[in-house]
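Grab a coffee and open the viewer: here are some short exercises with worked solutions. Try each task yourself before you read on.

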Amino acid sequence: MSYGLLRPLLFTLDPERAHTLSIAALEALGHMPRGLARVARRYTLHDPRLAQDFWGLHFANPVGLAAGYDKDARAAVALPALGFGFIEIGTVTPRPQPGNPHPRVFRYPAQQAVINRMGFPGEGAAAVARRLAALPGHPVPIGINLGKNKDTPLERAQDDYISALELLFPYGDYLCVNVSSPNTPGLRLLQGEEALRGLLNAVAAANQRLALQHQRPPLPLLLKIAPDLDNDNLDAIGSLALGTAPLVHGFIATNTTIERPASQPGLSESGGLSGAPLLERSNAVIARLYRATQGQVPIIGVGGILSAADAYAKIRAGASLLQVYSGLIFRGPGLVREILEDLPGLWLRDGYPDLAHARGSTA
Ligand SMILES: Cc1cc2nc3c(=O)[nH]c(=O)nc-3n(C[C@H](O)[C@H](O)[C@H](O)COP(=O)(O)O)c2cc1C
């Protein structure tokens, strides 16, 4: 069934219920090899012009799945068949926790926006590790997005990131330290430069120790940031990725915003806003980070991508890779292939020979 037919049905359901159903469908699909192959034929696109390598990883295309959709790695077998170039699992907290009271996800179809205040519900790192350990392989790179439990005091936040990393290290291709969700009280205070240096130093040390223990290279360490930081903050954060011993190897920009655009009243629930109203601000953050790092540090651009033109704008702002979430709710999984089909035409139209030349051209 096409998403055009399915969407009105899904939109009659509570958003979180629709999400749970879609995860259950993908989890079931993961057990059906023939069905999976059929889905892959429909949704995946192979075009060598879209392939890139970062952090020693191969990305067959730049469009990834953002964190928050598959928090517990239930759909990790099936998701690559939807055409993603990489997927990010999580946010995973060390211990299981229920998250905030329901309802906690709200759709705004007229604005193509979502507000969520989920608060990292999840089964915890041990359950996610078991699921990832059972995967038959990694057809696309898998990122693991880590957060802290709500009841862990902020001063002990680093213990949470490290204990989750200890369980998950063998199963990820990159690591994302998430300090930017607006729904865990105090979490975003970790984005201050001093707090961030302390946290990242501790995570980097654990990453090195685990690499020795497991006899594999340390995981590339990415930092996911909020769109609500000011330019001084962003410049300080950019500097963490520079120099001979960088504390992070890339950025994911951005998480949801706590701001509400004045031009769009009605987005009234509390929580993090994503989707179309986030596009412009998240692009501005990407451009600032790109300039602060002289274009030398890969940025995964996320926030408000609902079309190939939006994806292209993010690349021009300075993103090397992209992620989508809210766009999938409004446009369905076909969004990924649509972006991949149209991207090369967009950069060629502007006279860029390839993606790398388009990157950062409006930063
Ligand atoms: C329902 C929902 C849950 C989310 N949960 C997480 C999460 O657990 N961890 C995280 O880093 N980002 C989470 N996000 C943020 C997304 O990964 C992404 O950064 C943000 O939604 C902007 O992208 P978009 O406009 O394409 O949705 C969530 C977003 C939504 C809509």
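## Exercise 1: The small open sheet

Task: In β6, what is the bridge partner of Val 105?

Solution. Step one: in this predicted model, Val 105 has Asn 116 of β6 as its bridge partner. Step two: look for another such pair, and you'll find Tyr 108 bridged to Ala 113 in β6. Step three: put the pairs in context. β5 and β6 are joined over four bridges in the antiparallel sense. The two strands make a hairpin with four residues between them, and Gln 112 in that turn has a positive phi of about 50°.

Task: Work out the strand order of the open sheet, and say which strands stand at the edges.

Solution. Start from the hairpin and look for the strand beyond it. β6 also runs antiparallel to β11, joined by four bridges, and here Val 114 is opposite Ser 274 in β11. That gives an open sheet of three strands, ordered β5-β6-β11, with antiparallel pairing. β5 (105–108) and β11 each have a single partner strand and stand at the edges, so one side of each has no neighbour in the sheet. As for twist, neighbouring strands of this sheet are turned by 20° against each other on average, if you ignore direction.

Task: Are the residues on the two faces of β6 buried or exposed?

Solution. Take one side first: Ala 113 and Ile 115 are buried. Now flip to the other: Val 114 and Asn 116 are buried too. Both faces of β6 are therefore covered, counting a residue as buried if 20 or more other C-beta atoms lie within 10 Å of its own.

## Exercise 2: The barrel

Task: Trace the order of the eight strands that close into a barrel, and find the strands that join its ends.

Solution. Walk around it: β3-β4-β7-β8-β9-β10-β12-β13, with parallel pairing. Neighbouring strands here are turned by 25° against each other on average, direction ignored. To see the ring close, check β3 (residues 63–65) against β13 (residues 321–324): they pair in the parallel sense over three bridges. One spot to click on is Val 63, which sits opposite Leu 322 in β13.

## Exercise 3: Around the ligand

Task: Which residues come nearest to the ligand, and which elements each supply at least two residues of its shell?

Solution. Begin with the closest contacts. There are 28 residues around the ligand, and Ala 66, Gly 68, Ser 274, Tyr 325 and Ser 326 come nearest. Next, map the shell onto elements: β4 (86–92), β6 (113–116), β11 (272–275) and α10 (326–331) each supply at least two residues. Finally, sort by chemistry: the shell divides into eleven nonpolar, 15 polar and two charged residues.

## Exercise 4: A covered helix

Task: How many residues of α9 are buried, and what do the buried ones pack against?

Solution. Count along α9 (residues 308–317): eight of its ten residues are buried, leaving the helix mostly covered. Among them are Asp 310, Lys 314 and Arg 316, along with Tyr 312 and Ile 315. Then look outward from the helix. The buried residues pack against β3, α8 (279–292), β12 (299–302), β13, α11 (334–349) and α12 (355–358). Just past the end of α9 comes Gly 318, with a positive phi near 130°.

## Exercise 5: Two residues, two settings

Task: Gly 238 and His 58: which is buried and which is partly exposed?

Solution. Gly 238 lies in helix α7 (residues 231–239). With 22 other C-beta atoms within 10 Å, Gly 238 is buried. Leaving aside residues up to four places away in sequence, Gly 238 touches Leu 289, Ala 292 and Thr 293. Now go to His 58, in strand β2 (residues 57–59). His 58 has 13 other C-beta atoms within 10 Å, which makes this residue partly exposed. The C-alpha atoms of His 58 and Gly 85 are 9.0 Å apart, with these positions 27 residues apart along the chain.

## Exercise 6: The whole protein

Task: Why can you call the protein as compact as a globular protein of its length?

Solution. First, take stock: there are twelve helices and 13 strands. The radius of gyration is 19 Å, close to the 21 Å that the globule rule gives for 363 residues, so the protein is as compact as a globular protein of that length. The C-alpha trace spans about 50 × 45 × 45 Å along its principal axes. Lastly, buried residues make up 49% of the 363.

Terms used
Residues are numbered from 1 along each chain as its sequence is written. This is a predicted model: local features need pLDDT of at least 70, side-chain atom pairs count only at pLDDT 80 or more; totals for chains, interfaces and linings use all residues. Two strands pair if DSSP finds at least two bridges between them. Axes are lines fitted to C-alpha atoms, for helices over the stretch in contact, and angles run from 0 to 180 degrees between N-to-C directions. The radius of gyration is taken over C-alpha atoms; the globule rule is 2.2 Å times the number of residues to the power 0.38. A residue is buried if 20 or more other C-beta atoms lie within 10 Å of its own, exposed if 12 or fewer, and partly exposed in between; C-beta atoms are placed from the backbone. A residue is near a molecule or strand if its C-beta atom, placed from the backbone, lies within 6 Å of it. Ala, Val, Leu, Ile, Met, Phe, Trp, Tyr, Cys and Pro count as nonpolar, Asp, Glu, Lys and Arg as charged, and the others, Gly among them, as polar. Two residues are in contact if their C-beta atoms, placed from the backbone, lie within 7 Å.
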